[in-house]
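Me: Could you take a close look at one part of this protein with me? I'd like to understand a pair of aromatic rings and then see how the rest of the fold is laid out.

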Amino acid sequence: MAFGPLVGFQLIQPGEVAPAHRHTMTAIRFVLKGKGAYTNVEGEKMIMEAGDLILTPQWTWHEHANEGDEPMVWADGLDVPLIESLEVISVERYAEKRLSVKEGCIHPSLYGMARPASLPMGRLTPPLHYRWQDTYASLKLLAESVPHPYEGIALDYVNPLTGGPTLPTLLCRIQMLRPGEQTKSHRHRSTSIYHVFCGRGTTVINGESFRWEQGDTFVVPLRSWHEHANGSAKDEAILFSMHDTPVLQAFGLYREEGQGDSHIGL
């Protein structure tokens, strides 16, 4: 995992503010529980809901604040190991007490495939906020089709302007394992970190079984054979994951291979 992603967890109490700052590391926030908090990225106020994915591109000013009455918890993903290996880590605190919010302004990406007639034509802006209500609706729609043999029902969070990964150094993915579903075994050169958003099941990594349930986090190291299985016959399981795939692809080093049938035997 020398150059793979780093995962951490953050809790913001009601009334608490995480002071504004910026850094050379790219970061993502996958919201796990709570309501009433928001992340402000360069003046864009994004209200957090469980299941939302919020991006903090490298060197962007950002702060977090909880205006609600319950704790807010999310998973952080950063490309710290890569940036550290390049010896370009830098962190800067915001000079003012708070990062101001652009009042009355809506991020252009939230209009989807449309644009307000009052706005001039110009360069499109990549999204910073992927809402769970939209993601889950897409998962349910995709669940009506043939599943991916290695991932089940899986969606990559993409940059719609390029069709590329979520961020230049991180790929984020959400996948659903339908009741009783098992995937086939495969491996790849990227490191993958998973967090169980809901459900329970088993992942076999290089022949060793790891049982998981909601709230658990586990790692699949690069070049490790792995497969997943939903442990419930009636409920879906949903896994959020992040991968350092884009870095390997940039150098033409990414490879993936499948072994075939599942060996979980549940």
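Are Tyr-194 and Phe-218 buried or exposed?

Reply: Happy to. Please keep in mind that this is a predicted model. Tyr-194 is buried, and Phe-218 is buried too. The cut-off here is a relative accessible area under 20%.

Let's stay with these two rings for a moment. A search of the whole structure turns up nine aromatic pairs. In the pair you ask about, the ring centres of Tyr-194 and Phe-218 lie 4.9 Å apart and the planes meet at 10 degrees, so the pair is stacked. The cut-off behind that word is an angle between the planes under 30 degrees. This pair links distant parts of the chain: Tyr-194 belongs to strand S14 (residues 192–198), while Phe-218 belongs to strand S17 (residues 217–220), and 24 residues separate them.

Phe-218 has a further partner in Trp-212, and that aromatic pair is stacked as well, with 6.4 Å from centre to centre and 10 degrees between the planes. Trp-212 is buried, as is Phe-218.

Aromatic residues turn up elsewhere too. One aromatic cluster is made of Phe-30, Tyr-130, Trp-132, Tyr-136, Tyr-157, Phe-197 and Phe-240. A ring can also have a charged neighbour: Lys-45 lies over the face of Tyr-38, 4.6 Å from the ring centre.

For contrast with the buried rings, have a look at Gln-182. This residue sits in the loop between strand S12 (171–177) and strand S13 (185–188). Its relative accessibility is 32%, so Gln-182 counts as partly exposed. Along the sequence, Gln-182 and Thr-202 are 20 residues apart, and in space their C-alpha atoms are 9.3 Å apart.

Now let's step back to the whole fold. The protein has three helices and 20 strands. Of its 266 residues, 46% count as buried. Among contacts with a separation of 6 or more, 76% are between residues 24 or more positions apart. The exposed area of the protein is about 13600 Å², and carbon and sulfur atoms supply 54% of that area.

Two of the sheets are worth tracing on your screen. One is an open sheet of five strands in the order S5-S4-S7-S2-S9, with antiparallel pairing. Strand S5 (44–47) and strand S9 (91–93) are its edge strands, each pairing on one side only. On average, neighbouring strands of this sheet are turned by 25 degrees against each other, direction ignored. Within the sheet, strand S2 (residues 17–23) pairs with strand S7 (residues 62–66) in the antiparallel sense, over three bridges. To find the spot, start from Ala-18, whose bridge partner in S7 is His-64.

The other is also an open sheet of five strands with antiparallel pairing, this time in the order S1-S8-S3-S6-S10. Its edges are strand S1 (6–12) and strand S10 (129–130), and each of them pairs on one side only. Inside this sheet, strand S3 (residues 27–33) and strand S6 (residues 53–56) run antiparallel and are joined by four bridges. A handy landmark here is Ala-27, which has Thr-56 as its bridge partner in S6.

To come back to your question, Tyr-194 and Phe-218 are both buried, and their rings form a stacked pair between strand S14 and strand S17.

Methods. Residues are numbered from 1 along each chain as its sequence is written. This is a predicted model: local features need pLDDT of at least 70, side-chain atom pairs count only at pLDDT 80 or more; totals for chains, interfaces and linings use all residues. Side-chain values use heavy atoms; hydrogens and water are left out. Buried means under 20% relative accessible area, exposed over 50%, partly exposed in between (1.4 Å probe, protein chains only). Contact means heavy atoms within 4.5 Å. Accessible areas come from the Shrake-Rupley method with a 1.4 Å probe; for residues, only the protein chains shown count as cover. Two strands pair if DSSP finds at least two bridges between them. Axes are lines fitted to C-alpha atoms, for helices over the stretch in contact, and angles run from 0 to 180 degrees between N-to-C directions. Rings of Phe, Tyr and Trp (its six-membered ring) pair if their centres lie within 6.5 Å; planes under 30 degrees apart count as stacked, over 60 as edge-to-face and the rest as tilted. A charge sits over a ring if NZ of Lys or CZ of Arg is within 6 Å of the ring centre and within 35 degrees of the ring normal.
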